[in-house]
Amino acid sequence: MNISELITAHETAIRMGSFFGVLILMAVWEVLAPRRASTISRIVRWGNNLGLVVFNTVLLRLIFPTAAVGVAIFASEHNWGLLNYVHLPSFAVVVISIVVMDFVIYFQHILMHAIPVLWRLHRVHHADLDYDFTTGVRFHPLEIIVSMLIKFAAILMLGPPVIAVLIFEVILNAMSMFNHGNVKLPAFLDRTLRLLIVTPDMHRIHHSVEEDESNRNFGFNLSLWDRFFGTYRKQPRAGHERMVVGIQNYRGLRDVTSIQGLLLLPFRNKPDELTVDHHGPRD
């Protein structure tokens with residue numbers, strides 16, 4: 001059995017195992033040492049946010065049975081993608097693949113804020129009235145589909161190894177729950193980790209109701225993109241304990257907590273001025 005067949009056979013187990021492992025770790029961490037006090041029932045939010053995850057997972061498996069790993073196998077078998085035409089050590093190819101796909105997600109995130117129709121979908125993620133690990137997996141199914149199609153296109157053009165795509169998918173899920181965690185790292189550790197990766201304090205700023213803060217810190221894994229492209233902000237104006245998260249015009253509990261409300265949220269027409277603006281204070 002070659003590596004592609006091995007990964008295909010165990011992909012679901014690997015991804016589900018890592019997902020539930022990180023989920024349990026973050027849930028316990030948040031209960032024992034929360035960074036911020038909850039403003040609404042954790043049971044209600046966790047139930048609906050994770051219920052949306054189940055719905056999205058079933059839907060995606062019906063639409064894309066093989067998902068990103070399957071596309072990577074197809075690209076490899078047909079020699080599609082730039083990396084299939086360069087001769088580099090296997091380790092270097094894996095690292096390059098993960099870094100490039102990480103940039104694609106960063107750029108995609110900016111597009112989700114900049115293009116009105118995409119922002120309608122993405123605001124389901126931002127409208128959460130609290131900020132914890134379940135926020136990191138709370139996305140509208142249409143946004144998940146758009147994201148998956150962008151990922152497919154990137155894989156077909158890049159031609160990453162199958163193992164790199166699997167590693168990236170595991171990192172994507174794990175880091176999304178970690179950097180949305182309602183947890184506090186020691187200041188020195190947060191500063192050190194931020195040199196390489198996105199920490200909870202760094203990404204929490206992106207979920208502020210303040211526009212000049214929510215249009216910063218778009219990265220999900222590597223922090224270098226925000227620093228390089230000028231979208232980095234160090235701290236929120238009101239401090240992490242007092243900052244308000246969510247979207248100013250979407251504060252109704254039924255709209256932003258129930259699964260039905262979340263599925264319908266992109267089709268509501270309340271005034272919503274949030275767009276990408278690269279001006280304004282960053283520190």
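Ile-155 makes a useful starting point in this predicted model: beyond its neighbours within four places in sequence, Ile-155 is in contact with Ala-68, Val-71, Ala-72, Ala-75, Met-101, Pro-160 and Val-165. Ile-155 also belongs to the largest nonpolar core, which has 40 residues. Together with Met-26, Phe-133, Val-165 and Met-177, Ile-155 is listed among the residues with the most contacts inside that core. At least two core residues come from each of α1, α2, α3 (67-77), α4, α6 and α7. The largest share, nine residues, is supplied by α7. Another core, of 11 residues, lies apart from this one and includes Ile-40, Trp-119, Ala-127 and Ile-247. In soluble globular proteins, nonpolar side chains tend to be buried together.

The next topic is empty space. The largest pocket holds about 1100 Å³. It is lined by 40 residues, of which Arg-15, Leu-60, Ile-144, Leu-172 and Asn-173 are the closest to its centre. Two or more lining residues are given by each of α1 (3-32), α2 (42-63), α4 (90-114), α5 (116-126), α6 (141-158) and α7 (162-179). Here the largest share, eight residues, comes from α2. Sorted by class, the pocket lining consists of 20 nonpolar, 15 polar and five charged residues.

There is also one cavity of 30 Å³ or more. The space in the largest cavity is about 90 Å³. Its lining is made up of Glu-30, Arg-36, Ala-37, Ser-38, Arg-42, Arg-45, Asp-130, Tyr-131, Asp-132 and Asn-182. Six of these lining residues are charged, two are polar and two are nonpolar.

Note on methods. Residues are numbered from 1 along each chain as its sequence is written. This is a predicted model: local features need pLDDT of at least 70, side-chain atom pairs count only at pLDDT 80 or more; totals for chains, interfaces and linings use all residues. Side-chain values use heavy atoms; hydrogens and water are left out. On a 1 Å grid over the protein atoms alone, a cavity is a set of points where a 1.4 Å probe fits but cannot get out, and a pocket is an open set with protein on both sides within 12 Å along at least five of seven lines; lining residues have an atom within 4 Å of a point. Grid points are joined across faces, edges and corners, and a volume is the space filled by probe spheres set on the points. Helices (H or I, at least four residues) and strands (E, at least two) are DSSP runs, numbered from the N terminus. Ala, Val, Leu, Ile, Met, Phe, Trp, Tyr, Cys and Pro count as nonpolar, Asp, Glu, Lys and Arg as charged, and the others, Gly among them, as polar. A nonpolar core is a set of buried Ala, Val, Leu, Ile, Met, Phe, Trp, Tyr and Cys residues joined through side-chain atoms within 4.5 Å. Buried means under 20% relative accessible area, exposed over 50%, partly exposed in between (1.4 Å probe, protein chains only). Contact means heavy atoms within 4.5 Å.
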